[in-house]
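The report that follows works outward from a single residue to its surroundings and then to other parts of the chain. Please keep the sequence and the coordinates open beside the text while reading.

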Amino acid sequence: FPDARTALHDTFGFSAFRGVQEQVVARVLHGQSTLAVMPTGAGKSLTYQLPAVMLRGTCIVVSPLIALMHDQLRSASANGIRAATLTSADSDRMATMDAFRAGELDLLYIAPERASQPHFRELLSSAPIALFAIDEAHCVSEWGHDFRPDYRLLRPLLDAFPDVPRLALTATADRHTRADILSQLGIPEDGLIVAGFDRPNIRYAIRPRDNALRQLKGILQEHPGPGVIYAPTRAKVEQLAEALAATGRRVLPYHAGLDPAVRARNQAAFVASEDMVMVATVAFGMGIDKPDVRFVAHAGVPKSIEAYYQETGRAGRDGDPSMAVMLWGADDFARARQRLTEVDEHRRASERQRLDALAALVETAQCRRAILLRHFGEHPPETCGNCDNCLEPVAVTDATEVARKLLSAVYRTGQSFGLGYIEKVLTGQSDDRILQRGHDSLSVFGIVGPEEAALLKPVARALQARGSLLPTEHGGLALGGNAREILKGQAAVEITIPPPRERRRKQRDSM
Ligand code: ADP
Ligand code: ZN
């Protein structure tokens, strides 16, 4: 498509496509429906904006957030693309509809709830449509981390225009969610294009949280450049922003509870700054184009690995060395697990799996990057040399025997109980449930002594991280991966137990 390169240059001023952009654009220009999974910053918008400029008819873009649409609209208009939004927040809807009917729009951004309205379908029938672009397509999947029921309304609309190709876009879809997006949106399996997820310039570090404020101050001292600190609640944002500003660094808060004018002002100040720190809820970051963010810190665990990847991905878009630090507490997980009980029952299994995967990432002694990339379906090397665990390896313990006992207990109790129960069986603590099921008479009952017992949790985490233990739908543990080889003594299990931070710091100081 030589025309595509010309348009790329003329419309966007870019000399070359990046990564899979060309592949995606070529499919779209051929009229083939596609799901493009591309990390944040990979340039997803271009993959529909360019065809929108080249093809006859309008590209309809479905987007979940009005704020996001308006950002996109601004940047499209800046490139001379004829674009408009059709949302409840727009007062010029009549003019926009007229422009669409007259074929004067390259892009029309809509919110998904509009898709089911009969008069909207009529509107779309009144002028040629080039493409349906579905942004943040993971919202269509209950497996995704951000399910939006309105996205389910899209399918009938898409099916009403069978000749119009569909381009679904997302930055955050694990394998399960991808398969679901394809089937929900009626995209063929061979229409899946996945870009490389590695962000080699981002150094990952995940540390237990002992004193968030002190730890964050330390991070600020080490990183003079612009940074974002994600905090779990608005109150926490306010509190941290105030406490950190007292250090003399320019620090501003950002969350959805702030006055829109203040929010816009803080965001603009951050984008323009070379040293500012934004303390924010996850409301901050979507659609913000600031390539030189030098660090992203999490004051608590994010919602999922997808969210972690997306949020940390806001660091270092310019390719320069950047840092992603997460401070986590066991209570983050306790709270998240508590919330699980409030989730719809049919969604609970996937939510729990997401949480377990996150716990595995947090607790692992393996390469963080390898775990992240494997989560997104890649096959990375075992070590990256640019994460805390690769840079500061901790002592490795052979835990094969404990692992075998653990897996054996999981197996003998029927692969349906959680770790707490398994631990009780192994350490010989009988309670009513155990007695009722006769699990106190299993050969594994009480075979773990006090010293080994301390290894059970870290071993279980390691086994989960490696897929030898898999979460079941009902919160139990089941054998997976190479569990059978471990049981048979054909595979060893080595784990690393990070030493307490204090000790580590002292060791370093004395060097
Ligand atoms: P995403 O939506 O995937 O997070 P964007 O579409 O916002 O990413 O693009 C991220 C940045 O990359 C934008 O500043 C965009 O202008 C830029 N960009 C996209 N494609 C190219 C390209 N082919 N060459 C150079 N810059 C690009
Ligand atoms: Zn690593």
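## A cysteine in a strand and an arginine in a loop

C59 lies in strand β2 of what is a predicted model, and every value below should be read with that in mind. The residue counts as buried because 26 C-beta neighbours lie inside 10 Å of C59, where the cut-off for that class is 20 or more. Leaving aside residues up to four places away in sequence, C59 touches Y48, P51, A52, D106, L107, A130, L131 and A133. A further pairing across the sequence is that of C59 with Y109, which are 50 residues apart along the chain and 8.4 Å apart in space, C-alpha to C-alpha.

How does R56 stand, buried or exposed? R56 lies in the loop between α3 and β2, the strand that spans 58-62, and R56 counts as exposed because it has 8 C-beta neighbours inside 10 Å. With residues up to four places away again not counted, R56 touches P128 and A130, and A130 is also among the residues that C59 touches. R56 and D106 are 50 residues apart in sequence, with 8.5 Å between their C-alpha atoms.

Two pairs of residues distant in sequence have thus been named, and they are set side by side here.

| Pair | Separation in sequence | C-alpha to C-alpha distance |
|---|---|---|
| C59 and Y109 | 50 residues | 8.4 Å |
| R56 and D106 | 50 residues | 8.5 Å |

## The ligand shell and helix α3

Which helix gives the largest share of the shell around ligand 1? That share, 3 residues, comes from helix α3, which covers residues 44-54. In total, 13 residues surround ligand 1, and the closest are F14, R18, G43, K44 and S45. By character, the residues of this shell divide into 5 nonpolar, 5 polar and 3 charged.

Helix α3 also packs against helix α2, residues 21-29, at an angle of about 40°, with the two axes 9 Å apart. It is because of this angle that α2 is oblique to α3, and the crossing of the two helices is right-handed. The contact is made by Q21, V24, V25, V28 and L29 on the side of α2, and by L46, T47, L50, P51 and M54 on the side of α3. Sorted by character, the residues of this contact divide into 8 nonpolar and 2 polar, with no charged residue. P51 of α3, which takes part in this contact, is also one of the residues touched by C59.

## Helices α17 and α18

A second helix pair is formed by α17 and α18, which pack at an angle of about 110° with their axes 10 Å apart. That angle is why α17 is roughly perpendicular to α18, and α17 passes α18 in a right-handed crossing. On α17 the contact is made by K405, L406, A409 and V410, and on α18 by I422, V425 and L426. The residues of the contact divide into 6 nonpolar, no polar and 1 charged.

## Two residues with positive phi

Most residues other than glycine have a negative phi. Against that background, Q415 has a phi near 50°, a positive value in a residue other than glycine, and Q415 is found in the loop between α17 (400-412) and α18 (419-427). Q415 is partly exposed, with 17 other C-beta atoms within 10 Å. E136 likewise has a positive phi, of about 50°, although it is not a glycine. The place of E136 is in the loop between β5 (129-134) and α7 (154-160), and E136 is buried, with 23 other C-beta atoms within 10 Å.

## A covered helix and the chain as a whole

Helix α12, residues 305-312, is mostly covered, since 7 of its 8 residues are buried, namely I305, E306, Y308, Y309, Q310, E311 and T312. These buried residues pack against the strands β8 (202-208), β9 (227-230), β12 (295-298) and β13 (322-328), and against the helices α14 (345-363) and α15 (368-375).

Taken as a whole, the chain has 22 helices and 17 strands, and buried residues make up 42% of its 511 residues. Among contacts in the chain between residues at least 6 apart in sequence, 71% join residues at least 24 apart.

Conventions:
Residues numbered from 1 in each chain as written. Chains lettered and ligands numbered in written order. Predicted model: local features only at pLDDT ≥ 70, side-chain atom pairs only at ≥ 80, totals over all residues. Near = placed C-beta within 6 Å. Helix = DSSP H or I, 4+ residues; strand = E, 2+ residues; numbered from the N terminus. Nonpolar A, V, L, I, M, F, W, Y, C, P; charged D, E, K, R; others polar. Axes fitted to C-alpha atoms, helices over the stretch in contact; angles between N-to-C directions. Parallel < 35°, antiparallel > 145°, perpendicular 65-115°, else oblique. Left-handed = near helix turned anticlockwise from the far one by under 90°. Contact = placed C-beta atoms within 7 Å. Buried ≥ 20, exposed ≤ 12 C-beta atoms within 10 Å, placed from the backbone.
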